[in-house]
Amino acid sequence: MKNNNTQLRPIWLDTSSDEVRVIDQRALPHQQIHMPLHSAADVIYAIKEMVVRGAPLIGVTGAYGVFAALKNAGTRPDEQGLRIAADRIIRARPTAVNLAWAVNRTLKAVLAEPDKSRWTDIARRTAGEIAAEEVENSKNIGRFGLSLIAGMAEKKSTGLVNILTHCNAGALACIEYGTATAPVYAAHAAGIAVHVWVDETRPLNQGARLTAWELGQQGVPHTVITDNAGGHLMQHGMVDMVIVGTDRSTYTGDVANKIGTYLKALAAKDNHIPFYVALPSSTFDWTLTDGVAQIPIEERDPDEVRYIPGAPRSREYLLMPETSPAANYAFDVTPARLVTGFITERGICRADAADVRRMFPEKF
Ligand code: MRU
């Protein structure tokens, strides 16, 4: 991701201090604050409070949490303490499967090494490998998704493709390129005229704050809309395709993503608009078969709904009567029947078990 022409990632290892650093996404787009994560506790805080967010990024952050725990344990790390720290990191947020996947992968790599003095190095290396793989995955998702956008551009007399997206499945949620945004960036770079409708994504406004900021940095034309505007735009031929990311998708095709995604999928179906989900293999849950019944949906602090933060961040505004209760379901599940296809790092497939299996045979 470019920011004022410098390459920017939402997480990196500061090589001089051997410390993990992240961008505090709560402060974007108004301020760019970098935060060091010194310990597993810092990592848990950053994930819970959404300093970092987005499925691939919380996976990578979790993996670096294992590294931070080991670094702090010095020359005498103990396996039980490490397992407890890993478990706490995994429980920081329940919906995105990338978190457990990346933490467990790092833990497994560490525990396979009999020489404990090498554990910290192995954790550091594994977290770095996961980050590098996610960059590669996003790049390939962009490559495959580009073909869909190019195909749509050919069908349009104006050549302009209008894409609607929800939440932030961009570089900030991944490491580079993003998932849902990767095809958009690839199309823009290929000279295809694209315009993105960005759902604001209440209550934390990841669309308005983060996706709009990212697209602006890349020079991609976009318009922020209220969360409820999508159906109207679809009815009036103003949306050609929907592309969203996901926090956990079953191999049978059900898609958990930011609350409100399901309603967009319903509206897209009613208007015969393709609804694509872009995801790396780290976001598939290979064990669950019924997303609606089985994917855990995070419920967050109702105050995120009741209050809206302003800039500067110290100000918050109450939106409703002081005494009214609020509920804050962070994700919903779009059933496979509403999903036109998955855009993965290996190509495009239908959202069903047979086609996902064809794409990732080694997972079965
Ligand atoms: O609550 P968030 O901001 O972590 O939710 C993020 C999303 O819903 C994204 O769409 C999803 O993680 C895909 S990121 C490539």
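A polar contact here is a pair of N or O atoms within 3.5 Å; within protein, one must be able to donate a hydrogen and the other to accept it, and residues adjacent in sequence count only if both atoms are side-chain atoms. The model is predicted, with local features needing pLDDT of at least 70 and side-chain atom pairs pLDDT 80 or more, while totals for chains, interfaces and linings use all residues. Residues are numbered from 1 along each chain as its sequence is written, and side-chain values use heavy atoms, leaving out hydrogens and water.

Start with the ligand. Around it sit 19 residues, where being near means having a heavy atom within 4 Å. Arg53, Arg93, Asp247, Asn257 and Lys258 come nearest. The side chain of Arg53 puts an N or O atom 2.9 Å from a ligand oxygen, and for the side chain of Lys258 that distance is 2.7 Å. Gly54 joins in through a backbone N or O atom, 2.9 Å from an oxygen of the ligand. Taken alone the ligand exposes 410 Å², and the protein buries 99% of that (Shrake-Rupley areas, 1.4 Å probe; for residues, only the protein chains shown count as cover).

Arg53 and Lys258 turn up again among the residues touched by Gln206, where contact means heavy atoms within 4.5 Å and residues up to four places away in sequence are not counted. Met50, Cys167 and Glu200 are also among its partners. Gln206 belongs to helix H7, residues 206-218 (helices are DSSP runs of H or I, at least four residues, and strands are runs of E, at least two, numbered from the N terminus). At 3% relative accessible area, Gln206 is buried (under 20%; exposed is over 50%, partly exposed in between, with a 1.4 Å probe and protein chains only).

Lys258 also lies in strand S11, residues 255-258. That strand is part of an open, mixed sheet of 4 strands in the order S13-S10-S11-S16, with S13 and S16 as its edges, each pairing on one side only. Pairing takes at least two DSSP bridges; S11 and S16 have 4, in the antiparallel sense, and Ala256 stands opposite Val333 in S16.

Elsewhere, S4 and S5 run antiparallel, joined by 4 bridges, with Ile23 opposite His34. Along S5, Met35 and Leu37 point to one face and are buried, whereas His34 and Pro36 point to the other and are not.

Helix H4 has buried residues that include Leu99, Val103 and Val110. Among the elements covering them are helix H5 and strand S10.
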